[in-house]
Amino acid sequence: MIKIAFTGNPNVGKSALINAIAGSNLKVGNWAGVTVEKKEAEFEYKGEKIQCIDLPGVYSLSPYTLEETITRDFIINEKPDVIINIVDSTNLERNLYLTMLLKELEKPMIMALNFYDEFEKLNYKLDIKKFEELVEMDVIMTSATKRTGIQELLDKALIIAKSPKKNKKYTLLFDKCIEDAIGEVKCKIKCDEKLQKASKKFGIDFLAIKLLEQDKHLLEILKSEYDYEEDSSILKITRQLEDDHDEDIETIFAEGRYGTVKGILAKTFTTSIKSRLDFTDKVDRVLLNRYLGLPIFFLIIVGLMGTVFNGSAPLIDWIDGFINDYLGKYVGMLIDDSTPNWLASLIMDGILGGVGGVVVFVPLMLYLYFFLAILEESGYMSRVAFLMDKVMTKLGLNGKAFVPMVLGFGCTVPAIYATRTLEDDSSRRLTAAMAPFMSCGARLPVYGLFTAAFFGAKAGMIVMTLYVLGITVAILVGLILKNFKMFRAEGRALLIELPPYRVPSLRVIVKSTLTRTGSYLKKATTVIMGMLMILWALTYFPNNGDTANSYMAKFGKTFQGVLKPTGFADRWETVAAILPSLAAKEIVVGFMAQVLVGDKDTQEVEEEAGQETTFMEDTLDQFVGLGVAIKDSIVGVISLDVKALFSVPDEDEIEAEGSGVVAATKMLWTDDLGPLRAYSFMVFILLVVPCVVTLGAIKQEFGYKFTGFIIGMLLVVPYIMSTVVFQIGKLFF
């Protein structure tokens, strides 16, 4: 099998080119042990089996970020047959710096000059033959959106890959002082048996330069794998270079590489009077304006939230009805009187309910990834980092972290997945730790029930205080966590790329959306369904579906004493409601209806069921319902209405969840502290673990250990805050 590695800077169209080449064969996962996204594909081309690996977008090969370490280690350790270095043809000077670094690794390489259609529109000129001669590799002009140059790129890759396996020797052009220093270190490598062995793996040029740069990552490898101790004579050469150039060693080599790039472009590249940045500059004067930039950004994010959640809501409702009403009805018909009650409940509530708990989020993920892809491909997402950097760095975060945190107001699940847009692992973890404190839409029915029961006309103000409290707690948690190593992202905010604005390719956006959503559906299913079935068992046993005497009820009565300082734990029902809330916050209303009001009698259920319908009638209704949902979804997208995201369900809507539940909830607490107890309970629901779907997303992105930490934090923080709210509140009642 021929192994091709694709590498390049961020925003050079690498993923789009991979999608154009690999098509439906592209698989998305994570690199082993880390959360950085890994894309790879296997397919046949002209009788050859090919494996394509999309390496993370990087600016250098210094192991300062996880992405840089992955890229460098893969090229060195996995030894791909050929590297395709993707370069933005409209920004050659910046992109070619990475090319110079890749040449030091001495691997066979091809350059893909991407966005070549834009290059030509700008009337830029490049002497390709001279350019190929100076960069010492084949250069192919490509456009992922136009699908040009792809076949030629693969053909050239096959030719190079099938040539005799040997390292490619490139000419590294530095000033005489640097070249002499490299030559001295090469002599030392050849005279040292341990370094000589290492040079077979790393290449003598790369090894010599990294020894001069005192690369800590490489020195650790040399010590552990080759038992090499740092040579003071090489350090002396480094110090001499720094004295001669009056710069640190990394800057010396960086300037040398940029000097080579400028020399190559001076001989081969000419620009027109028309600047490629004219349009970008004009737009940025508005979008990055010191006064208008942030308000416009907030409007865009609020619009994104409204579009995603209003657009997906009708489809979510349809899927929920399709699974619970349509499938539920006909699956229920297959269960006869001979089926044990526990098995029937397992099938209907555990398995079918579990599938619904996963599939119902698919429209939300589709809309989220679609519109995030537009922001990313257009170049605006990079501006987010620039706009929010000064604000978010106080929390130790990159400016991009603001996007998933805002999405958390709609739903925590896409907020967790949106952390993939962040560029370093520490920022991902810190953002994922803060996002659950944003008050998601699923909590609104709970707020609606308790504010209707205890606060009446003041409901809106009470809910607003909960939103503010969630933000405040998130900031406080961020300020604390940023002091710990695993959450610290020092210096990340300086790596901000501002590419030119581009019209996104619909093909690229759709492909990216489907790939990401498919990955969510495939990987999250087992975790989410497993946890939902555990909650089903706790609800059903030991008294065959009697919720009031289930294990959850016993849980509530057991932990009443522990939660007593919170004020709401004098009733076991509110304590027990915490457990089903972990499946989904909306369940709390139904749970309270069950334990406070009781089940409807058979006659009432039959009256609600109405006239019997046939399979064909039900199926036709589902098709009609899907059509209506699609229409309503389109209307929701273009309406840009965000009020519904923060509106509290009124008493009539809440009563629909269970007859008399508002009146019954009012009777939970009849003392003067009743409203305070209700508020304390809402604070707990606000800050506690959002839902099992969120936990599944966190586990998928960050692993079990981090998920365990999040669970612990989201149990301790709500306990502390509810206790503080109740104990301080008592002083004023």
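Angles under 35 degrees between helices count as roughly parallel, over 145 as roughly antiparallel, 65 to 115 as roughly perpendicular and the rest as oblique. Keep that in mind for a helix pair further down. What you have here is a predicted model, in which local features need pLDDT of at least 70 and side-chain atom pairs pLDDT 80 or more, while totals for chains, interfaces and linings use all residues. Numbering starts from 1 along each chain as its sequence is written, and side-chain values use heavy atoms, with hydrogens and water left out.

Let's start with strand E6, residues 109-114 (helices, H or I of at least four residues, and strands, E of at least two, are DSSP runs numbered from the N terminus). Of its 6 residues, 6 are buried, so E6 is largely enclosed by the rest of the structure. Buried here means under 20% relative accessible area, exposed means over 50%, and partly exposed is in between, with a 1.4 Å probe and protein chains only. In a regular strand, side chains alternate between the two faces of the sheet. Both faces of E6 are covered, with Met109, Met111 and Leu113 buried on one side and Ile110, Ala112 and Asn114 on the other.

Who are the neighbours of E6? Strand E5 (residues 82-88) runs parallel to E6 and is joined to it by 6 bridges; for strands to pair, DSSP must find at least two bridges between them. Val87 sits opposite Leu113 in E6. To get from E5 to E6, the chain goes through helix H3 (residues 92-103), making a right-handed β-α-β crossover (with the strands pointing away from the viewer, the path from the first strand over the helix to the second runs clockwise). Strand E8 (residues 138-141) also pairs with E6 in the parallel sense, over 4 bridges, and Ile140 in E8 is the bridge partner of Ala112.

Now for that helix pair. Helices H5 (residues 128-135) and H12 (residues 249-268) pack at about 160°, their axes 9 Å apart; axes are lines fitted to C-alpha atoms, over the stretch in contact, and angles run from 0 to 180 degrees between N-to-C directions. H5 and H12 are therefore roughly antiparallel.

As for the cores, the largest nonpolar one has 119 residues, and Phe297, Phe437, Phe450, Met592 and Met713 have the most contacts inside it. Such a core is a set of buried Ala, Val, Leu, Ile, Met, Phe, Trp, Tyr and Cys residues joined through side-chain atoms within 4.5 Å. Helix H32 (residues 674-687) gives the most to this core, with 10 residues. A second, separate core of 66 residues includes Val87, Ile128, Phe131 and Ala208.
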